[in-house]
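Colleague: I would like to take a close look at the salt bridges in this model, and then to see how they sit within the rest of the chain. Could you walk me through them slowly, in a way that suits a first-year student?

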Amino acid sequence: MKTTELGLNAEIASLVALCKLRHPSSSSGGGLTTSHPHTFMVTFELINTEKVFIGKMRNMYSEFHRRLRAQLMFQAEEFPDPIDAQLDRLFSHAIGFAERHDEFLTSLKENCRKSCFLRKVGETFKKFVSDSTPFYSEYAQRYADITYQLRKYQRSHKRFCEFIFVSEICAGESIDSLRIAPIQRVPRYILLLKELLQGIIETSFQGKSILSAIESCKQMTREIDNSIHIGEKISQVHVLHDVFFEGSVNLMDSSRCLLKSGEVTKLFKHQAMHMSRGKRYVFFLFSDCLIYSEIEGSHRIKHVFHLTAIQVISLERPNSLRIVSPIKSLSLLFDSPEDQKSWTNELHEAGSKSPACPDDMTPQEFETFVMTGSGPSPKKNRLVASSLIAKSHKGLRRASIRSFWSHPTRLRAFATALAGSALILPTTRIPGKS
């Protein structure tokens with residue numbers, strides 16, 4: 001294999017000549033066969049591709065992060081408001097990768113100049129993995145969410161779409177290719193190390209060192225895959241918030257992820273006068289709460305249950321279970337025994353891992369916070385107001401309370417009853433009234 005075919009620069013070519021002069025078989029530990037030139041070439045291919053990767057990350061930081069920061073300083077009004085707050089999450093990771101891999105490359109080149117450099121491969125990779133795994137895991141966990149945010153900004157804001165287009169031309173590579181490069185880099189290490197192992201006896205010191213490096217990279221890959229899986233679940237929460245519920249609820253929480261979702265039949269009470277036995281709703285099980293809402297229309301949320309405040313009880317009826325909580329108790333009917341078993345297991349497991357209500361909220365306050373963001377929910381306001389109406393108008397039948405809201409004279413007269421109370425009126429306008 002010729003040096004020119006690998007595209008190595010003058011510095012790497014000189015290292016090849018240096019290492020060929022130092023035959024590793026003469027060093028303590030031995031372990032190289034007659035195919036050791038192939039081993040050297042693979043080693044320097046690793047060094048060369050590492051330099052290319054570092055260049056990509058520095059290019060991404062310069063052409064995207066710094067360019068966007070500069071444009072926000074002078075043309076902030078042309079960009080969407082959330083961009084400024086999320087700027088450090090979009091592209092700033094590139095310089096972190098460049099710095100970590102630059103240190104890793106320096107260590108590789110130093111060891112390459114030593115006659116026993118293959119012995120140091122395992123130690124070099126172990127140090128790199130221990131230092132870089134937390135950073136890689138954090139990036140992998142945010143990868144799906146940042147991808148969704150970038151797509152959303154590009155679809156909804158023409159100026160941001162133009163910025164990405166120009167930056168990709170200047171960088172000479174697409175933003176998708178640059179962002180996926182760190183995740184693809186670690187599996188590339190495994191392939192190169194396996195190539196490096198071909199000319200070495202695995203039971204030798206050098207062989208054991210390379211096997212140790214391969215195992216370290218595999219462990220790092222598993223951590224990255226797990227973080228990506230968690231990040232995809234978190235991203236699904238943001239998609240639900242923006243698309244399904246159209247931002248009408250407060251689901252945005254960095255620690256909340258979607259565990260399970262599906263349509264389930266909510267059974268009516270026996271004494272309820274209904275023609276059918278139940279109604280279909282869509283249920284969403286998150287890492288801290290259970291939500292069910294209307295399937296069609298505006299997907300209005302019916303209730304929110306914090307997982308620490310519910311009990312899951314099996315019923316004698318096939319394919320059913322009961323959820324008991326301080327807010328409301330539900331009897332659910334599933335489509336199959338497998339579906340019922342899956343939901344039961346997920347509810348038990350999620351409940352055992354769920355954190356407590358934030359800020360010492362009660363289950364009712366937590367429901368209000370999720371449904372409205374803060375303060376009592378509009379539904380609760382209307383229930384309290386209806387109770388005050390019933391007390392103020394003792395002769396008014398409860399059946400006519402609904403019509404009270406569309407009666408302007410009574411509504412104005414009722415303002416006095418609301419004065420002095422802690423009631424927070426809903427901000428939504430009454431249909432048909434100004």
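Modeller: A residue counts as buried when its relative accessible area is under 20%, as exposed when that value is over 50%, and as partly exposed in between. With this in mind, Arg300, which has a relative accessibility of 43%, counts as partly exposed because its value falls between the two cut-offs. Please keep in mind throughout that the model is predicted.

Arg300 is a good place to begin, since its side chain meets that of Glu294 in a salt bridge, with a distance of 3.9 Å from N to O. Glu294, on the other hand, is buried, because its relative accessible area of 17% is under 20%. This bridge therefore joins a buried partner, Glu294, to a partly exposed one, Arg300.

The count of salt bridges comes to 15, and another of them is formed by Asp102 and Arg58, whose closest N and O atoms are 3.9 Å apart. This pair links distant parts of the chain, for Asp102 belongs to helix α6 (residues 93-112) while Arg58 belongs to helix α3 (residues 36-75), and 44 residues separate them. Asp102 is partly exposed, with a relative accessible area of 33%, and Arg58 is also partly exposed, with a value of 38%.

A further salt bridge is the one between Asp131 and Lys127, in which the closest N and O atoms are 3.0 Å apart. Here both residues lie in helix α7 (residues 121-156), and they are 4 residues apart, which is about one turn of the helix. Asp131 has a relative accessible area of 43% and is partly exposed, and Lys127, with 47%, is partly exposed as well.

To see the surroundings of these bridges, it helps to turn to the chain as a whole, where the secondary structure comes to 16 helices and 7 strands. The protein chain has 434 residues, of which 44% are buried, and its accessible surface comes to about 23200 Å², with 54% of that surface belonging to carbon and sulfur atoms. If we consider contacts between residues at least 6 apart in sequence, 64% of them join residues at least 24 apart.

Part of the surface is a nonpolar patch formed by Phe165, Val166 and Ile169, which together have about 310 Å² of accessible area. Ile169 is found in helix α8 (residues 158-171), and Ile169 counts as exposed because its relative accessible area of 56% is over 50%.

Leu330 offers a contrasting case, for Leu330 is buried, with a relative accessible area of 0%. Its place is in strand β7, which covers residues 330-333. What is Leu330 in contact with, leaving aside its neighbours within four places in sequence? Its contacts are Lys266, Phe283, Tyr292, Phe305, Leu321, Arg322 and Ile323. As for Val312, it is 18 residues from Leu330 in sequence, and the C-alpha atoms of the two are 9.8 Å apart in space.

Notes: Residues are numbered from 1 along each chain as its sequence is written. This is a predicted model: local features need pLDDT of at least 70, side-chain atom pairs count only at pLDDT 80 or more; totals for chains, interfaces and linings use all residues. Side-chain values use heavy atoms; hydrogens and water are left out. Helices (H or I, at least four residues) and strands (E, at least two) are DSSP runs, numbered from the N terminus. Buried means under 20% relative accessible area, exposed over 50%, partly exposed in between (1.4 Å probe, protein chains only). Contact means heavy atoms within 4.5 Å. Accessible areas come from the Shrake-Rupley method with a 1.4 Å probe; for residues, only the protein chains shown count as cover. A salt bridge is a side-chain nitrogen of Lys or Arg within 4 Å of a carboxyl oxygen of Asp or Glu. Patches are made of residues with over 30% relative accessible area and no salt bridge: like charges are joined within 9 Å, nonpolar side chains (Val, Leu, Ile, Met, Phe, Trp, Tyr) within 5 Å.
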